Amino acid sequence: GKPGDLAVIFDDYRRFLAIGLYDPTSPMRVRVLHHGAPAEIDRAWLADKLAAAVAWRATLPESGTTGYRLVHGENDGLPGLVMDRYEATLVVKLYSLAWTPWLADLRAALGEVWRAGVIAKSVVCDEAISHMEGIASRTPLAMTAAPAVVLRLSRELERQPEHLYGLTDGMMLAGPPPDGPVQFSENGLRFEADVLHGQKTGFFFDQRDNRARVEKLAAGRRTLNVFAYSGGFSLYAARGGASEVTSLDASAPALAAAERNFALNRHLPAVAAARHSVLVADAFTALADLRQRGQRYDLVIVDPPAFAKRESEVSAAVQTYGRLTGLALGVLAPGGTLVMSSCSSRVSAPAFFTAVNRAATQAGWPLIELDRTGHAIDHPVLFPEGAYLKCLFAQSVSLNHVV
Ligand code: SAH
């Protein structure tokens, strides 16, 4: 068989067990799409799955959110396939070659769901937009006849061009290519994302709820956002009334986007009032330097990339989380709040939370936990390993703090 051929799995008595997409190039030989009674996998089946995924997220546009994950892989019954929506632009990201022969059906199914108004009926009407030049407020997205669809490929897939039949990362599956970053709203804040070249599909939607929690904690606080990317947490902190916000990341283009994202929201008084600065640096050395220079923050957010991509990297990753905790606490003012996050699916929640607490205690700055959280609703979790995002909100005990 070739990647994407339908594979039917039978039990020992030759009874139907499941049907999925075959991939001879992957250790995951079959991506199971359906089990139980036999089903026909075709365009209509795909459209049903997409419609169900859209229905699950139906309330998001009401909160002023037009950028979110529309399909979260196996957690939406479509293993190896991620789809993110940026207003009228959809980004399809493939993590398995098995989807390549299905792209035409997928595009047609998406078009059907879009035309039925399920995706498009959300209306962009948040306050933020009405202040913005050039964008008509209250424009129903349904007026857009069809979405632009961008294809993104995982690095693993890009390494196998012989199986890609000319498909390339960043190519358009439908519509003209965007003439720059695309814009969208998240909880009423405006952001841009580079959907053609940005990390993942251009933005990290999984942290939406944790960003909203940060907003509530930020009033009057000096805030440091480590691994800031395009400033997601930074903008929420600013809208929440942070006195100053520093976005730290190793990527200069990501921080340039963070600055543009601040500019997009300058009409909000709190954002205009917060002093925002960016620091292009390696987080590990920068945190040590800031501590050395006596810089202290009341709110420190640490949201690093995944440290463990395979099982053999787990123990080193756990150690790195501990090290980062110590470094972050080194710049946290007495009584300040630490937000530590992990998106390494192979590091379990107990292992992560223990590592953070242990490192804090060892550093002499034990933490009082405020909350342990995970993903936002557009990242449903249908199996234990699907719960990859862990986030700890904690307060340092001021008495023990050595400044
Ligand atoms: N917190 C972000 C997402 C972070 S993704 C958000 O809410 O959108 C991880 C980020 O870490 C990327 O932007 C990457 O550029 C940055 N990064 C990776 N290694 C780094 C390092 N050693 N020092 C600083 N930044 C790093």
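This report describes a predicted model, beginning with the ligand and its surroundings and then turning to a pocket and to several single residues.

## The ligand and its shell

In this predicted model, the ligand is surrounded by 15 residues, and the closest of them are R211, D249, D282, A283 and D303. When the residues of this shell are sorted by character, nine are nonpolar, two are polar and four are charged.

Three contacts to nitrogen atoms of the ligand can be described, two of them from side chains and one from the backbone. D282 places a polar side-chain atom 2.7 Å from a nitrogen atom of the ligand, and D303 likewise has a polar side-chain atom 2.7 Å from a ligand nitrogen. In the case of F227, a polar backbone atom is the partner, and the distance to a nitrogen atom of the ligand is 2.9 Å. Taken on its own, the ligand has 590 Å² of accessible area, and the protein covers 88% of that area.

## The second largest pocket

Empty space in a model can be found by rolling a probe the size of a water molecule over the atoms, which shows where space is left. The second largest pocket has a volume of about 250 Å³. It is lined by 13 residues, of which A88, T89, P178, V182 and Q183 are the closest to its centre. The lining of this pocket consists of eight nonpolar, three polar and two charged residues.

## Strand β12 and the loop that follows

Strand β12 covers residues 189-193, and a loop lies between this strand and helix α5, which covers residues 208-217. A193 has its place in strand β12, and A193 counts as buried because its relative accessibility is 3%, which is under the 20% cut-off. The C-alpha atom of A193 is separated by 44 Å from that of F16, a residue 177 positions away along the chain.

V195 is found in the loop between β12 and α5, and with a relative accessible area of 0% it is buried. Along the chain, V195 and P177 are 18 residues apart, and their C-alpha atoms are separated by 9.9 Å. Q207 also has its place in the loop between β12 and α5, and Q207 is buried because its relative accessible area is 1%, again under 20%. The side chain of Q207 is joined to the side chain of N210 by a polar contact of 2.8 Å.

## Two residues with positive phi

Most residues other than glycine have a negative phi. Against this background, two residues in loops deserve a careful look. R14 is a residue other than glycine with a positive phi, near 65°, and R14 is found in the loop between β1, residues 6-10, and β2, residues 16-22. Is R14 buried or exposed? R14 is exposed, because its relative accessible area is 69% and the cut-off for an exposed residue is over 50%.

E87 has a phi near 50°, which is likewise a positive value in a residue other than glycine. E87 lies in the loop between β5, residues 81-86, and β6, residues 89-94. With a relative accessible area of 13%, E87 is buried, since this value is under 20%. Whereas R14 is exposed, E87 is therefore buried, although each of them has a positive phi.

Conventions
Residues are numbered from 1 along each chain as its sequence is written. This is a predicted model: local features need pLDDT of at least 70, side-chain atom pairs count only at pLDDT 80 or more; totals for chains, interfaces and linings use all residues. Side-chain values use heavy atoms; hydrogens and water are left out. A residue is near a molecule or strand if one of its heavy atoms lies within 4 Å of it. A polar contact is a pair of N or O atoms within 3.5 Å; within protein, one must be able to donate a hydrogen and the other to accept it, and residues adjacent in sequence count only if both atoms are side-chain atoms. Accessible areas come from the Shrake-Rupley method with a 1.4 Å probe; for residues, only the protein chains shown count as cover. Ala, Val, Leu, Ile, Met, Phe, Trp, Tyr, Cys and Pro count as nonpolar, Asp, Glu, Lys and Arg as charged, and the others, Gly among them, as polar. On a 1 Å grid over the protein atoms alone, a cavity is a set of points where a 1.4 Å probe fits but cannot get out, and a pocket is an open set with protein on both sides within 12 Å along at least five of seven lines; lining residues have an atom within 4 Å of a point. Grid points are joined across faces, edges and corners, and a volume is the space filled by probe spheres set on the points. Helices (H or I, at least four residues) and strands (E, at least two) are DSSP runs, numbered from the N terminus. Buried means under 20% relative accessible area, exposed over 50%, partly exposed in between (1.4 Å probe, protein chains only).
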